[in-house]
Amino acid sequence: MSWFDKAFDALPDPRTGNATRHDLLEILTIALTATVCGAESCSDFADFAVDREDLFREFLRLEHGVPSHDTFSRIFRLLDPAAFAACFGRFLNELGAAGEGVIAIDGKTLRRSFDDAARSNPLAVVTAFASA
């Protein structure tokens, strides 16, 4: 995760006192991972973190456990948008450099996954393969 750390090292942490219990980079890591997996809100981020806590503990310290939805909400309300945008731009540039080459993406909609009663969208599966 060193390139992730470098991308966000210039992002000022707006929290003070007891509000700094959770590491900012760990919160951003969870939020980014959850977003890639379809999370859309701070509650989704927290639920995602709870469901996958064992996985996150393989590469994050999570010294005070997983952050709550209130923690995610507070962080994203307090972050300077311009500073976050600059750091996120660096992150995307590094991500692009790390994943140079062709990436094949395949998407499929699962048969009979549309729920007529709930009028929900059918389930989709997306798979990405690096050609190298």
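Helices here are DSSP runs of H or I with at least four residues, and strands are runs of E with at least two. By that count, the chain holds six helices and two strands. The model is predicted. One helix, α5, gets a closer look below.

**Fold and dimensions**
- In sequence order, the elements run α-α-α-α-α-α-β-β.
- The C-alpha trace spans about 50 × 40 × 30 Å along its principal axes.
- Take the contacts in the chain with a separation of 6 or more: 57% of them join residues 24 or more positions apart.

**Burial and surface**
- The chain has 132 residues, and 25% of them count as buried.
- Buried means under 20% relative accessible area.
- About 8900 Å² of the chain is exposed.
- Carbon and sulfur atoms supply 54% of that exposed area.

**Charge**
- Positive side chains number 13 and negative side chains number 20.
- The centres of the two sets lie 3 Å apart.

**Helix α5**
- Helix α5 covers residues 69-78.
- T71, F72 and I75 are buried in this helix.
- Seen down the axis of α5, the buried residues fall within an arc of 100°, so they line one face of the helix.
- The general rule is that an α-helix has 3.6 residues a turn, so residues three or four places apart point the same way.
- Two helices pack against the buried residues of α5: α2 (24-36) and α3 (42-51).

Technical notes. Residues numbered from 1 in each chain as written. Predicted model: local features only at pLDDT ≥ 70, side-chain atom pairs only at ≥ 80, totals over all residues. Heavy atoms only, no water. Buried < 20%, exposed > 50% of the residue type's maximum accessible area, 1.4 Å probe, protein only. Contact = heavy atoms within 4.5 Å. Areas by Shrake-Rupley, 256 points an atom, 1.4 Å probe, with all protein chains shown as cover. Lys, Arg positive; Asp, Glu negative; His and termini not counted. Charge placed at Lys NZ, Arg CZ, Asp CG, Glu CD. Arc of directions from axis to C-beta.
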